[in-house]
Amino acid sequence: LKAAEESLNAEEDYIFERSERISLLLMLPLGADGGKSSSNFMEMYCGALLAVRDLSLRGVKMDVEVIDTKQESYKAERRLLEGKDVVIGPVASSQLEALMEFCPRSRSLISPLEPKAAALCSRGSVIQAPTPWTCQVDELLSWLSEEKAFNDRVLVLKDNSEQQLGEQSRYLLEQLDERHIPYSIITDIESIGMDKLTTNRLLIASDKDAFITKAIKQASTKAEQGCKIVLYCTSKVRNCVGPDVKDLHYCSARLTAAYYVDYNSKDVCDFVLAYRALFKSEPGSFAFQGYDLVNFFVSNCERWGKRWNRRLSNQSFRGLQSDFVFDSSFENGKVNKGVRRIVYDKDLSTTLVK
């Protein structure tokens, strides 16, 4: 028993070996040679630097190395990862896959943006930071189930012009069936009755932006006429409604998204003011992403030690723009399943629910 106890203690020390200084590696396609620099990734770099500053103010000691993966001289090599505690990047799925060959089992590569990189997680070594769209659909249907009352109707507006459903629409219908949520398929918004006592919970089964745009406009008009409509949609609709989002408000939309910034949050306001002061510009989505990534993963390393990736399962963290929720789906690789819920109220306000 004593030998077993000593063995467990040794394993605990091995897993949670602390670093006096955390070594952070950022691998971004900056194009910093002045030819064709990327404003988006330079912005992400600035957000990451602000996170490094804030962590340092909290007493976290760090060494930071930055590699521009857009340079012709860049090549995936083992030496790039030697001695690194936290590695964010590369961005491109092909570059991530090439570097996986040299990544030791005790380390992980953090995919900061590329959705396709999620497919690499099952092979280990890759942590997918952006939430896949499938998780947005899953969260949307969970939300619908929570809100649906006994007399409510679930309606799915289907695009008849599509010969076959797109990937996201097909997944939506499959999940409705799998969850045993009763629904009716309609092909025209006008077929929704004007019964003011019945709430129509509306989903759109189409991958075409033009169809989604038209459907939301028609649903908004119907809602203004007095029909009780609650629209459920993923962040995909942001590409369809443009800057004028009044139609989402009229439809009392429920939206699930991987990214959303609540500008009423004190932490967000503090970040915006600090970013303006340091970089003389307004932070965009890439800046928030860079800050959240460095803040979350370096904080994990500071708390749990060099093998912090073993402690990601069943953790949750709310960042400025993203939420991080990991489970134990894969042994070494991990996929973020954090999704935010946003309500578009009829008074034209927007509320972050989750």
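User: Hi! Over how many bridges do β1 and strand β2 pair?

Analyst: Happy to help, and keep in mind that this is a predicted model. Strand β2 covers residues 62–68, and one of its links to β1 sets Met27 opposite Ile67. Another joins Leu28 to its bridge partner Asp68. The two strands run in the parallel sense, and the count of bridges between them is seven.

User: Which residue of β3 does Leu26 stand opposite?

Analyst: Let's look at the other pairing of β1. Strands β1 and β3 run parallel and are joined by three bridges. Across from Leu26, the residue in β3 is Ile88.

User: Which strands stand at the edges of the open sheet?

Analyst: It helps to lay out the order: the sheet has six strands, arranged β2-β1-β3-β4-β5-β13 with parallel pairing. A strand at the edge has a single partner, so one of its sides is left without a neighbour in the sheet. The strands in that position are β2 and β13 (334–335).

User: What angle does the direction of α2 make with that of β1?

Analyst: Helix α2 packs on the sheet, where it touches both β1 and β2. Helix α3 (residues 93–100) lies across β1, β4 and β5, and runs at about 170 degrees to β4. For α2 and β1, the angle between their directions is about 170 degrees.

User: How many residues of β1 are buried?

Analyst: We can check the two faces in turn. On one side sit Ile22, Leu24, Leu26 and Leu28, and on the other Ser23, Leu25 and Met27; all are buried. The strand is mostly covered, and its buried residues number seven of seven.

User: Which helix gives the most residues to the largest nonpolar core?

Analyst: This core holds 37 residues, and those touching the most other members are Leu24, Val86, Ile110, Val294, Phe297, Val298 and Trp308. At least two residues each come from β1 (22–28), α2 (39–57), β3 (86–88), α9 (266–279) and α10 (285–304). With ten residues, the top contributor is α10.

User: Which residues does Val298 touch, leaving aside those up to four places away in sequence?

Analyst: Val298 is among the core members that touch the most others. Leaving aside its sequence neighbours up to four places away, its contacts are Ile22, Leu24, Leu55, Val60, Met62 and Val86.

User: How many residues are in the other core?

Analyst: This second core lies apart from the largest one. Its members include Leu157, Ala219, Cys240 and Tyr260. Its total comes to 28 residues.

User: Does Ser235 count as buried or exposed?

Analyst: Ser235 is found in the loop between β9 (229–234) and α7 (238–241). The cut-off for buried is under 20% relative accessible area. Ser235 is at 19% relative accessibility, so it counts as buried.

User: Which side chain makes a polar contact of 2.9 Å with that of Ser235?

Analyst: Not counting residues up to four places away in sequence, Ser235 touches Gln136, Leu255, Thr256 and Ala257. The polar contact of 2.9 Å between side chains joins Ser235 to Gln136.

User: Finally, what percentage of the residues of the protein count as buried?

Analyst: Let's step back to the whole protein, which has ten helices and 15 strands. Its C-alpha trace spans about 70 × 60 × 40 Å along the principal axes, and its accessible surface is about 17,500 Å². Of its 354 residues, the share that counts as buried is 51%.

Conventions:
Residues are numbered from 1 along each chain as its sequence is written. This is a predicted model: local features need pLDDT of at least 70, side-chain atom pairs count only at pLDDT 80 or more; totals for chains, interfaces and linings use all residues. Side-chain values use heavy atoms; hydrogens and water are left out. A nonpolar core is a set of buried Ala, Val, Leu, Ile, Met, Phe, Trp, Tyr and Cys residues joined through side-chain atoms within 4.5 Å. Buried means under 20% relative accessible area, exposed over 50%, partly exposed in between (1.4 Å probe, protein chains only). Helices (H or I, at least four residues) and strands (E, at least two) are DSSP runs, numbered from the N terminus. Contact means heavy atoms within 4.5 Å. Two strands pair if DSSP finds at least two bridges between them. Axes are lines fitted to C-alpha atoms, for helices over the stretch in contact, and angles run from 0 to 180 degrees between N-to-C directions. Accessible areas come from the Shrake-Rupley method with a 1.4 Å probe; for residues, only the protein chains shown count as cover. A polar contact is a pair of N or O atoms within 3.5 Å; within protein, one must be able to donate a hydrogen and the other to accept it, and residues adjacent in sequence count only if both atoms are side-chain atoms.
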